[in-house]
Amino acid sequence: MKKSVISRREGAVMSRETHVGFTIHQMDNLVNRTRVALGLKNGVDEMTTMNGWIIAYLCRNADRDIFQRDLERELSLAKSTITCILKPMEQKGYIERVSVAYDARLKKLVVTEKGREMHHICYDNMLRMEQTLRNGLTEEELQAFFTIMGKMKSNVEQLSQQIKKEERKDDTK
């Protein structure tokens, strides 16, 4: 199988139609704008996509204690980033931190009633968006899409790890 390679040539320009990163970025923007419009239509005016993912994760795992570090791992985000996301969620009343009996230092994350209400609305919106995205696609096309996206994700993760490794190497100089 021949691999797709982009070379750096004098004057070589990728068109928008064949630029993978641009297409993904464009699709992400379109989906997010549509998601926000759908949310506003259904009374979800202040919840971000990330808030929705966090609340969904907490609801799916309501049978066990979930801590900030669990979200860091699940969402591949830094501690400081998760902290900046969770604080406003607490202030808006979507979640609360609750002490656990077995370790006074730990506070589990719990979805409030307001958070559960928003979760139901967001979940319905997500299902509508998912159905829209899948509309007209066969199972084979969807499988190919997920296979390709999996490969691209792996490629980007490898590059990210390589960059981190290079940064550590530069720091030791």
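**Exercise 1.** Classify Ser-76 as buried or exposed from its relative accessible area of 66%, then place the residue in the chain.

Solution.
- Step 1. The classes are buried (under 20% relative accessible area), exposed (over 50%) and partly exposed (in between), with a 1.4 Å probe and protein chains only.
- Step 2. Ser-76 is exposed, because its relative accessible area is 66%.
- Step 3. Ser-76 sits in the loop between H3 and helix H4 (79-91). Helices are DSSP runs of H or I with at least four residues, strands are E runs of at least two, and numbering starts at the N terminus.
- Step 4. The phi angle of Ser-76 is positive, about 55°, although this residue is not a glycine.

The model is predicted: local features need pLDDT of at least 70, side-chain atom pairs need pLDDT 80 or more, and totals for chains, interfaces and linings use all residues. Numbering runs from 1 along each chain as its sequence is written, and side-chain values use heavy atoms, with hydrogens and water left out.

**Exercise 2.** Describe the second largest pocket by its volume, its lining residues and their classes.

Solution.
- Step 1. A pocket is an open set of points on a 1 Å grid over the protein atoms alone where a 1.4 Å probe fits, with protein on both sides within 12 Å along at least five of seven lines. Points are joined across faces, edges and corners, and the volume is the space filled by probe spheres set on them.
- Step 2. For the second largest pocket the volume is about 260 Å³.
- Step 3. Its lining (residues with an atom within 4 Å of a point) consists of Trp-53, Glu-74, Leu-75, Ser-76, Leu-77 and Lys-153. Ser-76, the loop residue of Exercise 1, is thus one of the lining residues.
- Step 4. By class, the lining holds 3 nonpolar, 1 polar and 2 charged residues. Ala, Val, Leu, Ile, Met, Phe, Trp, Tyr, Cys and Pro count as nonpolar, Asp, Glu, Lys and Arg as charged, and the others, Gly among them, as polar.

**Exercise 3.** How many salt bridges does a search of the whole structure find, and how do Asp-70 with Arg-73, Arg-116 with Glu-113, and Lys-153 with Glu-157 pair?

Solution.
- Step 1. The criterion is a side-chain nitrogen of Lys or Arg within 4 Å of a carboxyl oxygen of Asp or Glu. The search finds 7 salt bridges.
- Step 2. In the pair Asp-70 and Arg-73, the closest N and O atoms are 2.9 Å apart. Both residues belong to helix H3 (residues 68-75), 3 residues apart, or about one turn of the helix. Asp-70 counts as buried because its relative accessibility is 12%; Arg-73, at 57%, counts as exposed.
- Step 3. Arg-116 and Glu-113 form a salt bridge at 3.3 Å, N to O. They are 3 residues apart in helix H5 (residues 113-134), so about one helical turn separates them. Arg-116 is partly exposed at 35%, and Glu-113 is partly exposed at 47%.
- Step 4. Lys-153, one of the pocket-lining residues, pairs with Glu-157 at 4.0 Å, N to O. The two lie 4 residues apart in helix H6, about one turn of the helix. Lys-153 is exposed at 53%, whereas Glu-157 is partly exposed at 42%.

**Exercise 4.** Which residues form the nonpolar patch on the surface, and which element gives the most to it?

Solution.
- Step 1. Patch residues have over 30% relative accessible area and no salt bridge; nonpolar side chains (Val, Leu, Ile, Met, Phe, Trp, Tyr) are joined within 5 Å, like charges within 9 Å.
- Step 2. The members are Val-20, Ile-24, Phe-145, Phe-146 and Met-149, with about 430 Å² of accessible area together (Shrake-Rupley method, 1.4 Å probe, only the protein chains shown counting as cover).
- Step 3. Helix H1 (20-41) and helix H6 (139-171) are the elements giving two or more residues. H6 gives the most, with 3 residues.
- Step 4. Ile-24 lies in helix H1 and is partly exposed, with a relative accessible area of 41%.

**Exercise 5.** Compare separation in sequence and in space for Val-31 with Leu-133, Met-126 with Gly-39, and Met-47 with Val-36.

Solution.
- Step 1. Val-31 and Leu-133 are 102 residues apart in sequence, with their C-alpha atoms 9.0 Å apart. Val-31 lies in helix H1 and is partly exposed at 22%.
- Step 2. Met-126 and Gly-39 are separated by 87 residues in sequence and by 9.6 Å from C-alpha to C-alpha. Met-126 belongs to helix H5 and is partly exposed at 39%.
- Step 3. Met-47 and Val-36 are 11 residues apart in sequence and 8.9 Å apart, C-alpha to C-alpha. Met-47 lies in the loop between H1 and helix H2 (49-60) and counts as buried because its relative accessibility is 7%.
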